[in-house]
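The following exercises concern strand pairing, helix packing and solvent exposure. Each task is followed by a solution in steps.

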Amino acid sequence: MSSRLLSVTFDARDPDRVAQFWAGILGREILADAGGVLLPGHGTQLSLRFARSGAEMVRPNRMHLHLTSASLDDQQQTVATALRLGGSHLDVGQRPEEGHVVLADPRATSST
C-alpha cells in the first residue's frame with residue numbers, strides 16, 4: 001500500500017486573511033471546509049490548509065514555503081504582489097549577494 005501526501009495544514013490566528021494572501025500569490029481558489037480554509041492543489045502541488053488557532057507564537061516558524069522565479073523580473077513582481085497582499089520583509093541574516101528575498105506572510109505579522 002502506498003500513501004500520498006495531499007495537504008499541509010498551518011495554524012493561523014486569521015486563516016481567512018492568510019488564505020487570501022497565499023491564494024493571491026499562487027493563483028489558487030479558496031474553499032472553506034470543516035478543517036479551516038483550503039487552497040486545493042492540482043497535479044503535483046500540495047493543497048494548503050489554514051486552521052484557526054489562538055496559540056501564541058513562541059518561536060519563529062520552523063516550516064516555511066520557498067517560491068522560485070523564472071527571472072529577476074518575475075521575482076520582483078512576486079515580491080510586489082506579496083507586499084500588496086499583506087506580506088512583509090523579514091531579515092533572517094540573508095546577504096544581498098544571495099539573490100533571494102525573505103518575506104513573512106500575514107500569519108507571522110498579524111496581531112489579531
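**Exercise 1.** Identify the residue of β3 that is the bridge partner of Leu-31.

*Solution.* In this predicted model, Leu-31 is bridged to Leu-38 of β3. A further pair places Asp-33 opposite its bridge partner in β3, Gly-36. In total, β2 and β3 (residues 36-39) are joined by 3 bridges, and the two strands run antiparallel. The connection between β2 and β3 is a hairpin of 2 residues.

**Exercise 2.** Determine the strand order of the open sheet and name its edge strands.

*Solution.* Step one is to continue from β3 to its other neighbour. β3 and β4 run antiparallel and are joined by 3 bridges; Leu-39 has Leu-48 of β4 as its bridge partner.

Step two is to assemble the whole sheet. The open sheet consists of 4 strands in the order β1-β4-β3-β2, with mixed pairing. Its edge strands, β1 (7-12) and β2 (31-33), each pair on one side only. From one strand to the next, the twist averages 25°.

**Exercise 3.** State which strands helix α1 lies across, and then classify the packing of α1 against α2.

*Solution.* Step one concerns the sheet. Helix α1 (residues 15-26) lies across β1, β3 and β4 (47-52), and runs at about 160° to β4.

Step two concerns the helix pair. Two packed helices are described by the angle between their axes and by the distance between those axes. For α1 and α2 (residues 72-84), the axes come within 10 Å and cross at roughly 160°. Angles over 145 degrees count as roughly antiparallel, and therefore α1 is roughly antiparallel to α2. The crossing of α1 and α2 is right-handed.

Step three lists the residues in contact. Helix α1 contributes Phe-21, Gly-24 and Ile-25, while α2 contributes Thr-78, Thr-81 and Ala-82. These contact residues divide into 3 nonpolar and 3 polar, with no charged residue.

**Exercise 4.** Is Glu-97 buried or exposed, and in which loop does Glu-97 lie?

*Solution.* First, locate the residue: Glu-97 lies in the loop between β5 (88-89) and β6 (103-104). Next, apply the cut-off, by which a relative accessible area over 50% counts as exposed. Glu-97 has a relative accessible area of 61% and is therefore exposed. Finally, relate Glu-97 to another part of the chain: its C-alpha atom is separated by 35 Å from that of Arg-13, the two residues being 84 residues apart along the chain.

Notes: Residues numbered from 1 in each chain as written. Predicted model: local features only at pLDDT ≥ 70, side-chain atom pairs only at ≥ 80, totals over all residues. Heavy atoms only, no water. Pairing = 2+ DSSP bridges. Axes fitted to C-alpha atoms, helices over the stretch in contact; angles between N-to-C directions. Contact = heavy atoms within 4.5 Å. Parallel < 35°, antiparallel > 145°, perpendicular 65-115°, else oblique. Left-handed = near helix turned anticlockwise from the far one by under 90°. Nonpolar A, V, L, I, M, F, W, Y, C, P; charged D, E, K, R; others polar. Buried < 20%, exposed > 50% of the residue type's maximum accessible area, 1.4 Å probe, protein only.
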